[in-house]
Amino acid sequence: MIRPKEQKSVLGKLGWRLCKSALPKHLIQSVKRELSELMADLGAPKKGLCCHRIDQQAKVFSNDISSFQILLQKNLHKLSSVYELALSQEIKDALSTNTGWEEIELSPIHNIRVKYPSKYGITPFTTVPWHQDYGATDPRQSDLEIVTAWIPLTCSKPYNGGLEILPRSTKLGWIEHRRGDRGPAAKEELMEKALKEHGDLQPVKVVASPGDIILFDQYTLHRSLINSSNQIRWSIDMRYISKGSESGRPGLWSKNPTVGNFVDDEVMRLIKQRQDSMDNPNVTIKKRVDFN
Ligand SMILES: O=C(O)CCC(=O)C(=O)O
């Protein structure tokens with residue numbers, strides 16, 4: 001059922017923003033450099049010039065894309081550059097300007113994504129269906145106000161697996177989802193009904209370049225498209241909260257890192273703690289989508 005209550009978004013009526021050239025190139029380059037080193041450690045020797053190197057190296061893992069995606073996620077704690085980017089003053093400025101939040105923390109819900117061209121085969125990561133990120137949060141927490149920052153590491157366009165966003169969809173409130181092969185998906189019949197009833201809901205295919213940040217609300221419907229290009233689409237997606245608010249996923253680390261603070265050993269210990277919790281078979285991650 002569509003929740004009748006319109007959700008007010010900290011990102012205004014549209015529920016999303018594209019912040020152009022908000023991040024300095026060197027922060028993106030550092031992530032690519034560390035990714036290249038990580039892939040070398042995982043058995044893919046460094047090749048080519050810096051900007052093509054990570055695609056060349058990732059080809060070594062193309063026979064099992066799903067396992068490689070999971071392996072990257074599990075190694076996030078080795079990529080301090082990801083957190084230097086995610087906790088940077090520039091991200092803080094973009095978030096503060098657009099949300100009005102003064103002090104900001106990182107939520108433990110975050111990912112690095114490697115989206116291969118579909119010619120390498122169809123996997124559960126080929127596309128991501130329409131969904132709201134609120135569905136990934138723990139159902140025991142309901143007083144949530146989470147903003148996603150989706151950060152392209154390479155150009156992201158409709159043709160190469162970029163994002164499509166449904167502006168103003170926060171007004172639909174929480175839509176029930178079902179778990180499909182590609183992860184949680186907003187129930188199609190509910191999406192169709194909403195699109196029919198609200199003529200002002202028009203999807204936007206977003207074009208974003210490295211340095212840009214796409215911000216969207218936890219209730220903003222979005223999906224990611226198939227990569228029909230020859231290049232891999234690399235990205236990270238981080239979630240943020242106003243300091244002291246609920247993080248959407250309790251119990252993974254002892255505190256949320258502060259955005260705008262220097263990434264020191266303590267931050268990286270928290271990231272490792274998050275990973276250890278996720279690897280611990282006694283820790284169950286509850287997601288709202290499973291409790292509709
Ligand atoms: O990066 C993608 O392909 C999908 C991202 C997404 O849906 C999200 O960050 O919630």
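Mentor: Before we look at the ligand, take the rule that decides its neighbours: a residue is near a molecule if its C-beta atom, placed from the backbone, lies within 6 Å of it. Keep in mind throughout that this is a predicted model.

Trainee: Which residues surround the ligand, then?

Mentor: The ligand is surrounded by Arg113, Lys115, Val128, Asp133, Thr148, Trp150, His222, Ser224, Ser235 and Asp237. Two or more of these shell residues come from each of β3 (111-115), β5 (147-152), β11 (222-224) and β12 (233-242).

Trainee: What is the make-up of this shell by class?

Mentor: The shell holds two nonpolar, four polar and four charged residues. Since Asp, Glu, Lys and Arg count as charged, you can pick out Arg113, Lys115, Asp133 and Asp237 from the residues around the ligand.

Trainee: Turning to the whole chain, how do you know whether its radius of gyration agrees with that of a compact globule?

Mentor: The rule for a globule is 2.2 Å times the number of residues to the power 0.38, which for 292 residues gives a value near 19 Å, and the protein chain has 18 Å, so the two agree. The C-alpha atoms fill a box of roughly 55 × 40 × 40 Å along the principal axes, and buried residues make up 41% of the chain. Among contacts with a separation of 6 or more, 83% are between residues 24 or more positions apart.

Trainee: How many helices and strands does the chain have?

Mentor: The secondary structure comes to seven helices and twelve strands. Four of the strands form a sheet in the order β4-β11-β6-β9, with antiparallel pairing.

Trainee: What makes β4 and β9 edge strands of that sheet?

Mentor: Strands count as paired if DSSP finds at least two bridges between them, and β4 (128-131) and β9 (204-205) each pair on one side only, which means that they are the edges. The pairing of β4 with β11 rests on two bridges, and there valine 128 has serine 224 of β11 as its bridge partner. Both Val128 and Ser224 are also among the residues around the ligand.

Trainee: And what links β7 to β8?

Mentor: A hairpin of two residues joins β7 to β8; these strands pair in the antiparallel sense over four bridges, with histidine 177 opposite alanine 186.

Trainee: Why are the buried residues of α3 said to line one face of the helix?

Mentor: The buried residues of α3 (residues 65-74) are Ile65, Phe68, Gln69 and Leu72, and, seen down the helix axis, they fall within an arc of 100°, so they line one face. As background, an α-helix has 3.6 residues a turn, so residues three or four places apart point the same way. On the other side of α3, Ser66, Ser67, Ile70 and Lys74 are exposed, whereas the buried residues pack against β3.

Trainee: Why is isoleucine 104 called buried or exposed?

Mentor: The cut-off for buried is 20 or more other C-beta atoms within 10 Å; isoleucine 104 has 22 such neighbours, so this residue counts as buried. Isoleucine 104 lies in strand β2 (residues 104-106), and, leaving aside neighbours within four places in sequence, its contacts are Lys92, Leu95, Ser96, Tyr240, Ser242, Lys243 and Val259.

Trainee: How do you know which class serine 80 belongs to?

Mentor: Serine 80 has 18 C-beta neighbours inside 10 Å, and this value lies between the limit of 12 or fewer for exposed and that of 20 or more for buried, so serine 80 is partly exposed. Serine 80 is in helix α4 (residues 80-86) and touches Val263 and Met268, not counting residues up to four places away in sequence.

Trainee: What makes the phi of serine 21 and of arginine 168 worth a remark?

Mentor: Serine 21 has a positive phi of about 45° although it is not a glycine, and arginine 168, also a residue other than glycine, has a phi near 70°. Serine 21 is in the loop between β1 (16-19) and α1 (25-41), and its 12 C-beta neighbours inside 10 Å meet the limit of 12 or fewer, so serine 21 counts as exposed. Arginine 168 is in the loop between β6 (163-165) and β7 (177-180), and with 19 C-beta neighbours inside 10 Å this residue falls under the 20 needed for buried, so arginine 168 counts as partly exposed.

How values were computed
Residues numbered from 1 in each chain as written. Predicted model: local features only at pLDDT ≥ 70, side-chain atom pairs only at ≥ 80, totals over all residues. Contact = placed C-beta atoms within 7 Å. Arc of directions from axis to C-beta.
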